[in-house]
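Visitor: I should like to go through this structure by question and answer. Please show the sequence and the model before we begin.

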Amino acid sequence: MKGGTIGASTTAIEAKNLVKTYPGNVKALDGLSFSVPAGTIFGLLGPNGAGKSTTVKILTTLSRPDSGEASVAGFNVLRSPDRVRRMIGVVAQKSGVDWELTGRENLTLQGQVYGMSGATLKNRVTELLAQFGLADAADRVTSTYSGGMKRRLDIAMGLVHRPRVLFLDEPTTGLDPEVRAALWTEIERLAREEGLTILLTTHYLEEADALCERVAIVDRGRVVVEGAPEELKAQLRGDAIQVELAAPEMNGRVHDALNRLELLREVTVDGRHLRARADSGARAVPAVLAALEEAGVQVAAVTVARPSLDDVYFRYAGRAFAEADKEAK
Amino acid sequence: MLAIQHSWYMTMRHLRALARQPWYIAFSLLQPIIYLLLFGQLFKRVVELPGFSTTSYIAFLTPGIVIMSALFGGGWSGMSIIVDLDRGVLDRFLVTPVNRGALITGRILQLAVVTIVQAAIIFGLGLILGARFSGGVLGAVILVLLAILLAAPFGALSSAMALMARKEESVIGAVNFLLLPLSFLSTVFMDQSLMPGWIRTVARLNPANWAVQAGREALSANPDWAFILVRGGLLLALTIVCGWLATRAFRSYQASI
Ligand SMILES: Nc1ncnc2c1ncn2[C@@H]1O[C@H](COP(=O)(O)OP(=O)(O)O)[C@@H](O)[C@H]1O
Ligand SMILES: [Mg+2]
């Protein structure tokens, strides 16, 4: 069975104008819309409190919007929640592991609830335990599992019935860097080899950048921009060049020297730090160094940074990502 | 059909958890056993009061404590919903096609098992303390059934309350507020004929009292079966109503998140 067909292309998830208000007049979603093509890894990227989990709860039929529409795998989440539930796997932000059961029992029960049984279920459970590195701990009660193990079991539970669409709400938050990297590999494999559509939320910019084919940047309950990470970054005006000077520069010599270069824009000098933008950092750097040498200025270090999703967020949300993230806490 | 199958899966889930912490049953027996020993001694001679219907207080008290412990078991069972909520287990199930009723039935069936074990232990202790019953094994079995039929609606009600309040403190408050009055405004400790009129009236509407009176009747020499059946039937009806209410409470929970 294919995902729902909307127009000519196959769309796995469609959210239209979702609005959700919590008591105390908290507007968690304020007209949020996006769509996810089938078979891709799609990222909802946003700072804490942006409305990512609320969106996931609505799309997975746990919660209902005040207004707006959504469909998943071709079924309307409000009118056919039961059909949607059969098509999706859900890994919530908060672990859903039953602490009093073993890993194997958790997975088996999860499969039973979807109507699996017998050897099919038994083999599927064994396969997932091996795939997620839980084979040795399979028959231990999960209250003895580490955070990373619980997270892997959560994901295995979301996959037991072979869903068409997988929701991962901040799957790597709070995990060690190595565990996180291993999980990224696994998520990529799932999308590539099993043809799953994955909706992943994250507040790690580098995670969205590394994993997602497309992202929607969410801020204050709305999608501020949507597109492929490369495309979004390319829309920004060029690379950032940073030069660290050997000594603080006071008399405007540096500024004058660089302003003459046509390659550069937005030149600012602040003590020993010099910043500028250029369409191509690689081509601008030799010219910058030559100009500084001519002006007799000593350089300590030079860095060129491609525009990051951080810059994209700043551009569209009008504030720095780290600030927004802290503000919410 | 699906409901029955899912209920079975959920019952197994809860029974597994119970088997891994059997001390839970021992802990829950503490209060009933203290009551049985303490009140059994303290009120030993109330049977001498004119109008008290039996001559052995321990034989009077034992079925009362069996029912009281079932009432408490049911009342507190909503706490396990709070644990499932806090651990994200409930949210995980609610986005699967699991039958909502099964999420309640599974708990109730586990509660039934707990009630049987508790009732057997309390009843055995009563026998050790000298209680004797003319009703025999059949009477004892009916008493246990009545205990289950009392634990079930209160278990469902407690679960419904937990789903609506979603906070441990609220459930503890409500349960404490309900359970002691229900125990004392009944014939658990005192014969009906010696109660003040208003308590007798309240007791008539108290499901815990239906279970106690029917249980004592079943243990008597010549049980009035109609009396027992009516009360058993009322408790069954109450179970169905409360079970329905608890299943509906999932909607109220989902509307709040
Ligand atoms: N159950 C709830 N009750 C009240 N407010 C909530 C609830 N869930 C989320 N919120 C609020 O809604 C906003 C969005 O939350 P959420 O969707 O969890 O954000 P994110 O997942 O992006 O961090 C936040 O301000 C949060 O405090
Ligand atoms: Mg979240």
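What follows treats the interface, then chain B, then one residue of chain A.

Guide: This is a predicted model, in which local features need pLDDT of at least 70, side-chain atom pairs count only at pLDDT 80 or more, and totals for chains, interfaces and linings use all residues. Residues are numbered from 1 along each chain as its sequence is written, chains are lettered from A and ligands numbered from 1 in the order in which they are written, and side-chain values use heavy atoms, with hydrogens and water left out.

Visitor: What area is buried between chain A and chain B?

Guide: Contact means heavy atoms within 4.5 Å, and it takes 28 residues from chain A and 25 residues from chain B. In chain A, Leu62(A), Glu100(A) and Val113(A) lose the most area to chain B, together 27% of what that side buries. Buried area is the accessible area (1.4 Å probe) that two parts lose on being put together, summed over both. Carbon and sulfur atoms give 56% of the total, which is about 2,400 Å².

Visitor: How many salt bridges does the rule find across the interface of chain A and chain B?

Guide: The rule asks for a side-chain nitrogen of Lys or Arg within 4 Å of a carboxyl oxygen of Asp or Glu. One pair that satisfies the rule is Arg16(B) and Glu105(A), at 3.2 Å, N to O. Across the interface of chain A and chain B, the number of salt bridges found is three.

Visitor: Why does the radius of gyration of chain B agree with a compact globule?

Guide: Chain B has eleven helices and zero strands, where helices are DSSP runs of H or I with at least four residues and strands are runs of E with at least two, numbered from the N terminus. The radius is taken over C-alpha atoms, and the globule rule is 2.2 Å times the number of residues to the power 0.38. For 257 residues the rule gives a value near 18 Å, so chain B agrees with its 19 Å.

Visitor: Is Thr202(A) buried or exposed?

Guide: Thr202(A) lies in strand β9 (residues 197–202) of chain A. Its side chain makes a polar contact (N or O atoms within 3.5 Å, one able to donate a hydrogen and the other to accept it; residues adjacent in sequence count only if both atoms are side-chain atoms) with the side chain of Glu207(A), at 2.9 Å. Buried means under 20% relative accessible area, exposed over 50%, and partly exposed in between (1.4 Å probe, protein chains only). Because its relative accessibility is 1%, Thr202(A) counts as buried.
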